[in-house]
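Open the model in your viewer and keep the selection tool at hand. The stops below go from a single residue out to the whole chain.

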Amino acid sequence: MKNKILRLVKYLFFKSPLNKYFLPVMKFDMSIAQLNFILNTLDEIKMDGAVVEIGVGGGATSIVINKFIEKMSSKRRFYAIDTFFGFTKEDILYEQNNRGKIDNYLYYRSNSKEWYSKTLIAHGINDATVYKSDAKEFDYSVIGEIAFCLFDVDLFMPTAAVLPILYELLVPGGVIIVDDCQAESSIYDGAGEAYRLFCSKKGFKEEIVFDKLGIIRKPLF
Ligand SMILES: C[S@@+](CC[C@H](N)C(=O)[O-])C[C@H]1O[C@@H](n2cnc3c(N)ncnc32)[C@H](O)[C@@H]1O
């Protein structure tokens, strides 16, 4: 009986022209290959430390990372940081005035800390620590040692300002992955410029994976 009702509800649902708005479509900013790389990288880190995602959007990648952490033998705390209202005025002005960008950067404004948290909870993730903050203004000492960070805020200013702080908190053997480091010019090439600048200042060899992810590894010794 229960199955028959379920089938009837599903039948009506798929008949409705509105169903495309409710279908469980997985929307990712990352490709499956990139997600796989992120999880493998996280898996290889042996030292203790937190997992941090800066620039989380609606939470698609956060869910994948958290579901992976659940299955790991050593438990890690997960921290999420985002304005939950897209790019800051200051960061946008820098792109426009100093990097010649003509976009208005009014994206990612339809998110909220509450909706992000509820999305995680709907996936059974109840122990994430979520901060609504400009990444440049956040006090990273509250997190302590970081084992892995996915840094995905797209623009130059926040990436350049926060990378040195993250690197200081990174444990030996830890990894930071900076998204949007592709060589091609785009409205989001600021993150890549900040990544390259950081590598050159530190004397690190650039490591770009899948033409997009900029990797920073802290040596063990
Ligand atoms: C590309 S989305 C992140 C996508 C997410 N990592 C994923 O894979 O699903 C970029 C995010 O960075 C956030 N962001 C942009 N500038 C920021 C800043 N200065 N501080 C904190 N978050 C910022 C935006 O609100 C947006 O949610």
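Leaving aside neighbours within four places in sequence, which residues is Glu 95 in contact with? Select Glu 95 in this predicted model and look for Lys 101, Tyr 105, Leu 155, Phe 156 and Gly 190, which are its contacts once those neighbours are set aside. Glu 95 sits in helix α4. It counts as buried because it has 22 C-beta neighbours inside 10 Å, and the cut-off for buried is 20 or more. For a distance check, pick the C-alpha atoms of Glu 95 and Phe 204: they are 25 Å apart, with the two positions 109 residues apart along the chain.

**Helix α7**

Next select residues 190-202, which form helix α7. The end C-alpha atoms of α7 are 18 Å apart, in agreement with the 18 Å that its 13 residues should span at 1.5 Å a residue. Colour Gly 190, Ala 191, Gly 192, Ala 194, Tyr 195 and Phe 198, the buried residues of α7. To see what covers them, show α4 (89-98), α6 (156-169), β5 (170-178) and β7 (213-217), which are included in that cover. Just after the helix, stop at Gly 203, where phi is positive at about 75°.

**The nonpolar core**

Now select Ile 146, Cys 149, Phe 151, Leu 166 and Ile 176. These have the most contacts inside the largest nonpolar core, a set of 47 residues. In soluble globular proteins, nonpolar side chains tend to be buried together. Centre the view on Ile 176: residues up to four places away in sequence aside, Ile 176 touches Cys 149, Phe 151, Leu 166, Tyr 167, Leu 170 and Ile 216.

**The ligand**

Select the ligand and the 24 residues that surround it. The closest are Gly 55, Gly 57, Thr 61, Ala 135 and Asp 152. Two elements, α3 (60-71) and β2 (78-82), each give two or more residues to this shell. Colour the shell by residue type: nine are nonpolar, seven polar and eight charged.

**The whole chain**

Finally, zoom out and colour by secondary structure. The chain has seven helices and seven strands, and along the sequence they run α-α-β-α-β-α-α-β-β-α-β-α-β-β. The C-alpha trace spans about 65 × 45 × 30 Å along its principal axes. Its radius of gyration is 19 Å, which agrees with the value near 17 Å for a compact globule of 221 residues. Of those 221 residues, 33% count as buried. Among contacts between residues at least 6 apart in sequence, 76% join residues at least 24 apart.

Key. Residues are numbered from 1 along each chain as its sequence is written. This is a predicted model: local features need pLDDT of at least 70, side-chain atom pairs count only at pLDDT 80 or more; totals for chains, interfaces and linings use all residues. A nonpolar core is a set of buried Ala, Val, Leu, Ile, Met, Phe, Trp, Tyr and Cys residues joined through C-beta atoms within 7 Å. A residue is buried if 20 or more other C-beta atoms lie within 10 Å of its own, exposed if 12 or fewer, and partly exposed in between; C-beta atoms are placed from the backbone. Two residues are in contact if their C-beta atoms, placed from the backbone, lie within 7 Å. A residue is near a molecule or strand if its C-beta atom, placed from the backbone, lies within 6 Å of it. Helices (H or I, at least four residues) and strands (E, at least two) are DSSP runs, numbered from the N terminus. Ala, Val, Leu, Ile, Met, Phe, Trp, Tyr, Cys and Pro count as nonpolar, Asp, Glu, Lys and Arg as charged, and the others, Gly among them, as polar. The radius of gyration is taken over C-alpha atoms; the globule rule is 2.2 Å times the number of residues to the power 0.38. The expected span of a helix is 1.5 Å times one less than its number of residues.
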